[in-house]
Amino acid sequence: MVNHMTKTELENCIFAYGKDIYSFCKSITLHTQEADDLYQDTFLKAMELLSEIDGKQNPKSYLLSIALRLWKNKRRKHAWRKQIASMVSITEESDLDLIKAAAFTPETSFLQREESDLVHRAVGNLPEKLKITVLLFYMEDLPVTQISHILKIPAGTVKSRLHHARNQLKKELEVVLDEKYR
């Protein structure tokens, strides 16, 4: 029997997973305003679909799949307007807390931030299918089975995309880092 989610349970999900959902929205849209809109649209759509959401299943996974579907639909509808945008570095509060907590020298802190920016740009340069898979796996820390469910693809395809993404990232970052430290 399906345990339909209540408004209160959805509000609890927003409180529990809101930051993760927003961070994912920002990662796939690359712009704060678009991320804000996608985040709001995700929870508005979740309100519409309350009767379909099973509160006993993984609600975070369901919310991520809503965000992803909305984003893909918007991109499809507005593909002709799409402009090429550079990857915007995402500064996580946790990253800032770690930097502040540790006794880093300014040079070490700068180098770590610069390397983090390189990784964010490299992920941003991946083809869309690989980028989304990488973000769900590494940023959202979801297992392959949940990613497979969200993207509606076999688990083997998720593993294959992760493998290809890792290889592309390794090649791109090796070139960039070799040039940087010569």
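Trainee: Which residues in H1 are buried?
Mentor: Keep in mind that this is a predicted model, where local features need pLDDT of at least 70, side-chain atom pairs count only at pLDDT 80 or more, and totals for chains, interfaces and linings use all residues. Residues are numbered from 1 along each chain as its sequence is written, and side-chain values use heavy atoms, leaving out hydrogens and water. Buried means under 20% relative accessible area, exposed means over 50%, and partly exposed is in between (1.4 Å probe, protein chains only). In H1, the buried residues are Leu10, Cys13, Gly18, Ile21, Ser23, Phe24, Cys25, Ser27, Ile28 and Thr29.

Trainee: What does H1 span between its end C-alpha atoms?
Mentor: Helices (H or I, at least four residues) and strands (E, at least two) are DSSP runs, numbered from the N terminus. The expected span of a helix is 1.5 Å times one less than its number of residues. A straight helix of 23 residues would therefore be expected to cover 33 Å, but H1 spans only 27 Å.

Trainee: Which residue is at the centre of the kink in H1?
Mentor: The bend at a residue is the angle between axes fitted to the seven residues ending there and the seven starting there. In H1 the kink is about 65°, and its centre is Tyr17.

Trainee: How are the rings of Tyr22 and Tyr39 arranged?
Mentor: Rings of Phe, Tyr and Trp (its six-membered ring) pair if their centres lie within 6.5 Å; planes under 30 degrees apart count as stacked, over 60 as edge-to-face and the rest as tilted. A search of the whole structure gives three aromatic pairs. For Tyr22 and Tyr39, the centres are 5.6 Å apart and the planes stand at 85°, so this pair is edge-to-face.

Trainee: Which helices does that pair link?
Mentor: Tyr22 and Tyr39 are 17 residues apart and connect distant parts of the chain. Tyr22 belongs to residues 7–29 and Tyr39 to residues 32–48, so the helices are H1 and H2.

Trainee: Which residues form one aromatic cluster?
Mentor: One member, Tyr22, has 24% relative accessibility and so counts as partly exposed. The cluster consists of Tyr22, Tyr39 and Phe43.

Trainee: What is the angle between the planes of Phe137 and Tyr138?
Mentor: Phe137 is partly exposed at 22% relative accessibility, and Tyr138 is partly exposed at 47%. Their rings form an edge-to-face pair, 4.8 Å centre to centre, with the planes at 85°.

Trainee: Which residues are joined into one network by salt bridges that share partners?
Mentor: A salt bridge is a side-chain nitrogen of Lys or Arg within 4 Å of a carboxyl oxygen of Asp or Glu, and the count here is three. Asp20 in H1 meets Lys60 in H3 (residues 59–77) at 3.1 Å, N to O. Glu140, in the loop between H6 (128–139) and H7 (144–151), pairs with Lys60 at 3.5 Å, so parts 80 residues apart in sequence are tied together. The network is made of Asp20, Lys60 and Glu140.

Trainee: Is Glu140 buried or exposed?
Mentor: Its partner Lys60 has a relative accessible area of 12%, so Lys60 is buried. Glu140 has 4% relative accessibility, and so Glu140 counts as buried.

Trainee: How far apart are the closest N and O atoms of Lys45 and Glu48?
Mentor: Both residues lie in H2, three residues apart, about one turn of the helix. Lys45 is partly exposed at 29% relative accessibility, whereas Glu48 is exposed at 57%. In their salt bridge, the closest N and O atoms are separated by 3.4 Å.
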